[in-house]
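Below are some notes on this entry, set out as numbered points for a colleague who will have the model open alongside. They deal with helix packing, charged pairs and backbone angles.

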Amino acid sequence: MSTPSAAQHEEGSRPDEDGGGRGGRLGRIVRAPLGWMLTGMVGVGLVSGLTATGPGPVPALGAVAAVAVYWVVMRRVAGRSTPETARQGAGREALRGGAVGLGFVLVSALLITAFGGYSFSWAGNGFFSVVWSAAMVQAGAAVTEELMFRGFALQALEQRWGSRAAIVITGLFFGVAHLGAPGAGVWSALAIALEAGVMLGVAFLWRRNIWFVAGLHFTWNTAEQLLGIPVSGHTPKGLFTVDTHGSALLNGGTFGLEASIVPVLIGVLLTVRMFVLAGRSGGLRPRRLVRH
């Protein structure tokens, strides 16, 4: 993560110290980490709300618009560059993250099936229409959520309180944000916080790349949907239908795979490994005392 130079910071803040300049005190608040975080999350959230359930490619086009909003807020409001969304190497990072996400879901589903928690049958829905719809919807969801939680929230909180605090706060927030989903409860929120909120946060700190975590998030959700497993309580049309057997702790119940103990344990193992890699690569930042 890059930060604005001292000269840029002084240029942007000096007029406001006297209450004048662009925006005065309000301008200083908005340009502070928590200010641009909220500004950006609201902006991307509005784009997501308008496009997430649209027909055809609308959700994916919403993801493109969300990236544009992210760029504007980071460059014009936060006053920082955005190497985490650079086009160079974006495809490679997305594929790497996608491989992790796909492996995570397939291994989890395979283990749950082996322990008797799932059985699958072919749904008979149109193959190409289902895959196309799933790809468009999940691309929009993955990109917008990662821009909000890892792009804005994690980086702003990291700038104020360091990487470790940012991971914990955004992880818990991610879990709480899923409490409104069908079949959600305290356990599902905790599970999502651990296996998704914390894991995706650590994955971002390791790679420092939005495309990596968006790729991970995209293949995770898309694989679940195509297998017919509820995605955070929602059951969009998939290629298979799944029947659950035994304990909800094993199969996740109506909330889906994320509420199973199996992916939680796998997610914790992946998180520990990526946390170590993030530390080795210098991706973990200490708390910084920033004056605003």
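1. In this predicted model, helix α5 passes helix α11 in a right-handed crossing. The axes of α5, which spans residues 90–114, and α11, which spans residues 261–281, come within 9 Å and cross at roughly 140°. The pair is therefore classed as oblique, given that the roughly antiparallel class is kept for angles over 145 degrees.

2. The residues that make this contact are F104, V107, S108, L111 and I112 on the α5 side, and V262, P263, I266, G267 and L270 on the α11 side. Sorted by class, the contact of α5 with α11 comprises eight nonpolar residues and two polar ones, with no charged residue taking part.

3. A second packing arrangement involves helix α3 (residues 33–51) and helix α6, whose axes come within 9 Å and cross at roughly 175°. With that angle, α3 is roughly antiparallel to α6. From α3 the contact draws on P33, L34, W36, M37, G40, M41, V44, G45 and S48, while among the α6 residues that they meet are T144, L147, M148, F152, A153 and R160. By class, the contact of α3 with α6 has 13 nonpolar, six polar and one charged residues.

4. Turning to charged pairs, how many salt bridges does the structure hold? There are five salt bridges in the structure, and the ones discussed here include a linked group, since E93, R96 and R207 belong to a network of salt bridges.

5. Within that network, E93 pairs with R96, and the closest N and O atoms of the two are 3.2 Å apart. Both residues sit in helix α5, three residues apart, so they are separated by about one helical turn. Their surroundings can be compared through relative accessibility: E93 counts as buried at 8%, whereas R96, with a relative accessible area of 39%, is partly exposed.

6. E93 also forms a salt bridge with R207, the N to O distance between their side chains being 2.7 Å. Because R207 lies in helix α8 (residues 186–207) and E93 in helix α5, this pair ties together parts that are 114 residues apart in sequence. R207 counts as partly exposed, at 25% relative accessibility.

7. Another salt bridge joins the side chains of E158 and R208, at 2.6 Å from N to O. Here E158 belongs to helix α6 (residues 127–161) and R208 to the loop between α8 and α9 (210–227), so the pair ties together parts that are 50 residues apart in sequence. E158 and R208 are both buried.

8. R208 deserves a further look for its backbone, as it has a positive phi of about 50° although it is not a glycine. Its place in the chain is the loop between α8 and α9, and at 15% relative accessibility R208 counts as buried, because the limit for that class is under 20%.

9. Where in the structure is S232 found? S232 is located in the loop between α9 and β2 (240–244), and its phi is likewise positive, near 50°, in a residue other than glycine. With a relative accessibility of 10%, S232 counts as buried.

Terms used. Residues numbered from 1 in each chain as written. Predicted model: local features only at pLDDT ≥ 70, side-chain atom pairs only at ≥ 80, totals over all residues. Heavy atoms only, no water. Axes fitted to C-alpha atoms, helices over the stretch in contact; angles between N-to-C directions. Helix = DSSP H or I, 4+ residues; strand = E, 2+ residues; numbered from the N terminus. Parallel < 35°, antiparallel > 145°, perpendicular 65-115°, else oblique. Left-handed = near helix turned anticlockwise from the far one by under 90°. Contact = heavy atoms within 4.5 Å. Nonpolar A, V, L, I, M, F, W, Y, C, P; charged D, E, K, R; others polar. Salt bridge = Lys/Arg side-chain N within 4 Å of Asp/Glu carboxyl O. Buried < 20%, exposed > 50% of the residue type's maximum accessible area, 1.4 Å probe, protein only.
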